[in-house]
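Here is a short set of exercises to work through with the model open beside you. Try each task before reading its solution.

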Amino acid sequence: MRFLCTIILVLGVWYTPQAQLPELTDEQAKQIEELLDDMTTEEKIGQLTLFTSDWDVTGPTLRGNYKEDILAGKVGAIFNAHTADYNRELQRMSVEETRLGIPLLFGYDVIHGYKTIFPISLGESASWDLEAIEESAQVAAAEAAAAGLHWTFAPMVDISRDPRWGRISEGAGEDPYLGSRIAEARVRGFQGDDLAATNTLIACAKHFAAYGAAQAGRDYHTVDMSERVLRHDFLPPFKAALDAGVQSFMTAFNELFGVPASGSHYLLTEILRDEWGFNGFVVTDYTSINEMIPHGVVADEKEAGELALTAGVDMDMQGAVFYNHLRQSLKEGKVTEAQIDQAVMRILRVKMLLGLFDDPYRYSDVQRQEETILAEAHLEKAREVARKSMVLLKNNGVLPLSKSGQKIALIGPLADSQADLLGSWHAAGSAEDAITLKTALEDMLAPSSTLLHARGCEVEGEDRSGFPEALAAARQADVAVLAVGENWWMSGEAASRSELDLPGVQLELIKAIKETGTPVVVVLMNGRPLAIPEVDETADAILETWFAGTMGGPAIADIILGDANPSGRLPVTFPRNVGQVPLYYSMKNTGRPMEPNNKYTTKYLDVPNTPLYPFGYGLGYTTFEYGEPSASAETFSEKNPVEFSVKVRNTGDRAGRETVQFYVRDLVGSVTRPVLQLKGFRQIDLEPGETKTVTFTLTTDDVAFYRRDMSYGWEPGDFELFVGPNAQDLQSVRVELTSNKKSNP
Ligand code: BGC
């Protein structure tokens, strides 16, 4: 009877559709119920167990005998196993040689491409182009799903405001609004509208939650924030992913409110299930159940597993805690059969939606794999997205370079590095497929041009022995292009830095080249905002290219040779130095806002408050002029939203794309409100001389927040509406939100 009640309860949740994805039919639901009835406790625990295969790992591997476990029905999901043949064989073992024949679920970190590697996620986010981001995820899914995979551990939707944290490279930057739109685009791209289609994967919103706020930017470090900050700034992209239909969530390594995320009933049940109605499954991050012991909230693994399952974890990644201890916990009554059943059902539901019970081999197709991987169209798309991700930070007119009659000195440790182009988490991407800037320029420059190449120095270290050759090349050239930055492994997981400068002697090299009198174009490759005021002072032009992927070299060449007009905008603030961190546009005003001539206002003695490059910033090869913005009315209300318009004109002589940004400030609230919040943006393409009017609509929902009593809603009063090309160069008008009472949307 108790079992029946559980099923009914679970079914109630199943039938709450998220997004417009197909749900289980009654027949499929029944099939799963019957299967659950047949399962032994050990087989059930197997479904809650995820092990890595021996392909590659991201931490200590606890187990080497996953094949035996498959045969014994003791593992339901495998990660890091890929390619059609290999996964087909593992699947065969599970389907044909185990008692119940339940298909395996194969996961992998397909973060910015499977084999055709796109720019790192932060780079793609700099495109602000939601369609391009969605298409990138589609390509990644198509390739991965042909190589035997069902599930990607992406998108990573952690907001981060600390460039020291290496994983800032994996997300969408600092802003919850932009981060939410990008989270939706990525989920749509990976999952499509049919989970059973053979070119889609299920997505995973990670790392739930607040991982991006690790203290001092040190990976895995403690997180401590107010609930209001959590809800305003860190949760929205997760909720957006959920509303877009994401089928899995991954826990975070960090603690929050004193409880490690993998043991947080508050996060995994109260918010995720009860408040948000999530009906997919929750996987832990790698061994994070075990890590609750060093966190100091449990004494041993058995207790850790009990805490995790009770909190709302469904699947244990690599920790073998459920595998080793859950049976005993059940015997002791520390967990219930119903809890285990619920987790099993959530996982079987997704396997069913993927179509694995119909055809467990549908995602392992050697021929499709061959046709799909590195397909011409995928490489072209990767090149296009890479171009769109690049941000022109400075240009005194030296760019674009002409393709003909030019002598170019290409210098720097990253000019010909295939491996670095791929960035961290490059899945099955191979360095040998990546095309460097050197190769691309050789290919794209006209015969009348000459390309000289000198490495100059390494990314790290003090070795200056390559300087003379680099200086000689620069002296002979019309322009020097310096590809500098970080090595690919300097960002991503476990890659925090305490300095944000260019490592090694790269700055020195830039300065030495500049002294030759030859104009200097700096091409940056890096996975985080860098604090590079001296590069800004020295270089004639700076192009931020992140780690641009397999087609990175041609995409950079497209921009510096003027075949494409750069249109990327920073999704994260670039500080002047590490001491300013955290520095983000959406800060609070304080009681003593900065006044240059008043010492006792909020500022530093040694650096301005302003960033080196603000959020939303980026140049192009043309210029845009904003007219005076206007609001459709002086007031707005719940029933009557206000429209806010501005005319934008291309004042240059090239076609270009502008990202028009809309920010809001709530001037008086029951709690302090940020000085600016992004509430919308529009990308417009303008021919020279062309003008377009861009209109944004502001509703009361857009200005809702967690008020003094933590109720969610808006408050009447004055608002300032801003529009402009970045978070610093803005024009505004004031409007009033009228109502006698506060409202709860
Ligand atoms: C990372 C996750 C990743 C997992 C599996 C962990 O170390 O934190 O983001 O998905 O490994 O590779």
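## Exercises on the ligand, a helix and the whole fold

**Exercise 1.** Sort the shell around the ligand by residue class.

*Solution.* Please keep in mind that this model is predicted. The shell divides into seven nonpolar, five charged and two polar residues. Next, look at distance: of the 14 residues around the ligand, D109, R167, H207, D285 and E493 come nearest.

**Exercise 2.** Find how far the polar side-chain atoms of D285, E493 and K206 lie from ligand oxygen atoms, then state how much of the ligand the protein buries.

*Solution.* Start with D285, where a polar side-chain atom sits 2.5 Å from an oxygen atom of the ligand. For E493, the distance from a side-chain N or O atom to a ligand oxygen is 2.7 Å. With K206, the corresponding distance is 2.8 Å. Now the area: on its own the ligand exposes 310 Å², and the protein buries 99% of that.

**Exercise 3.** Compare the span of helix 17 with the expected value, and list its buried residues.

*Solution.* Helix 17 runs over residues 376–389, which makes 14 residues. From first to last C-alpha the helix reaches 20 Å, close to the 20 Å expected at 1.5 Å a residue. Taking buried as under 20% relative accessible area, the buried positions in helix 17 are H378, L379, K381, A382, R383, E384, V385, A386 and S389.

**Exercise 4.** Why does the radius of gyration agree with a compact globule?

*Solution.* A compact globule of 745 residues would have a radius of gyration near 27 Å, and the protein has 27 Å, so the two agree. To round off the picture, 62% of the 745 residues count as buried, and the protein holds 23 helices and 27 strands.

Methods: Residues numbered from 1 in each chain as written. Predicted model: local features only at pLDDT ≥ 70, side-chain atom pairs only at ≥ 80, totals over all residues. Heavy atoms only, no water. Near = heavy atom within 4 Å. Polar contact = N/O pair within 3.5 Å; in protein donor to acceptor, adjacent residues only side chain to side chain. Areas by Shrake-Rupley, 256 points an atom, 1.4 Å probe, with all protein chains shown as cover. Nonpolar A, V, L, I, M, F, W, Y, C, P; charged D, E, K, R; others polar. Helix = DSSP H or I, 4+ residues; strand = E, 2+ residues; numbered from the N terminus. Expected span 1.5 Å × (residues − 1). Buried < 20%, exposed > 50% of the residue type's maximum accessible area, 1.4 Å probe, protein only. Rg over C-alpha atoms; globule rule 2.2 N^0.38 Å.
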